[in-house]
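Keep your viewer open and follow this tour from one selection to the next, pausing at each stop to look around before you move on.

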Amino acid sequence: MIGNDIVDVKTACQSSNWHRPGYLGKLFTDREQALIHQANDPEQQVWLLWACKEAAYKAWSTEFHQRRYAPRSLQVVEWSSTQEADHFQAVLHTQERTYMVKAQANENFISSSTEVAPIHILDRQLLHTPDALPKQRSTAIRQTAAELAARHFQCRPDKINIRKNELGRPILYYLNEPQSAFLSWSHHGAWAEVMLGSLAH
Amino acid sequence: MNQAERLEALRRIIKPYVTDEEAFGNLTEETDFIKDLKINSAHLVDIILDVEDEFDIEIEDEAMEKMLTVKAALSVIEEKAG
């Protein structure tokens, strides 16, 4: 299982009002809200925590085959900066599993990812499509996902099929057979990121 | 408020957050906020806060976690607002 998320900083700033009364309380635990209020850049902290929850949620949803809108049930219990500037690590608890989520932030986007052993993220591709229409962006993402998978299976991208399951998670088929390789992607505003995970060789 | 009026109020609330206008035009009770309307998951909380304000109800975590479809949202509203 893998999961990832991306937040376009400009889009988030324009389209989400996290100052709205009740907003933080619906999404974040008391501990997470404390992290936000203590942060040098509270707005960035909001989206960092959100991206970590989303990445863990995608891995959780894929593994446990469920959907729910329960952001507070994915709890950030540890938060740390790494030695690399603007890189962070979070430990998230759900009832079923603990997730280690890595995140990075820059002035343009916030990106997060998690992998559940024995699956590792082997490849990833960032996309910047500021002028694309939603359909074009979706095509570009699927094409990128097929290219990552083709590289992994050392085949042509047209041998790869990607279908969404009933949970909305992308499932990878190679020569029409489902694979023990996983795709995860996310897009927001002008940014998208696609990841491929599999057993490490 | 009857079911049709609740659906109409919900449509008004959802509209600003929808990114797939075509799916919004074909909205039914089965419509999924994220899969069909492509509403960003960080905006689902805005819809929930708007629903709380509009119907003067409080939606706690257990009710919120089901609110992924129009049908589920209407059932939460009906249960809480009566």
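Select H3(B) to begin, a helix (a DSSP run of H or I with at least four residues, numbered from the N terminus), and colour it by exposure: 13 of its 15 residues are buried, where buried means under 20% relative accessible area with a 1.4 Å probe and protein chains only. This is a predicted model, in which local features need pLDDT of at least 70, side-chain atom pairs count only at pLDDT 80 or more, and totals for chains, interfaces and linings use all residues. Residues are numbered from 1 along each chain, chains are lettered from A and ligands numbered from 1 in the order in which they are written, and side-chain values use heavy atoms, without hydrogens and water.

Next, pick the end C-alpha atoms of H3(B), residues 41-55, which are 22 Å apart; this agrees with the 21 Å that its 15 residues should span at 1.5 Å a residue, because the expected span is 1.5 Å times one less than the number of residues.

Now show Asn40(B), which caps the N-terminal end of H3(B) through a side-chain oxygen 2.8 Å from the backbone nitrogen of Ala42(B). After H3(B) comes Asp56(B), whose phi is positive, near 55°.

Finally, turn to the largest pocket, with a volume of about 1,600 Å³. Of its 50 lining residues, those closest to its centre include Lys164(A), His187(A) and Ile34(B). H4(A) gives the largest share of this lining, seven residues.

Terms used
Helices (H or I, at least four residues) and strands (E, at least two) are DSSP runs, numbered from the N terminus. Buried means under 20% relative accessible area, exposed over 50%, partly exposed in between (1.4 Å probe, protein chains only). A polar contact is a pair of N or O atoms within 3.5 Å; within protein, one must be able to donate a hydrogen and the other to accept it, and residues adjacent in sequence count only if both atoms are side-chain atoms. On a 1 Å grid over the protein atoms alone, a cavity is a set of points where a 1.4 Å probe fits but cannot get out, and a pocket is an open set with protein on both sides within 12 Å along at least five of seven lines; lining residues have an atom within 4 Å of a point. Grid points are joined across faces, edges and corners, and a volume is the space filled by probe spheres set on the points.
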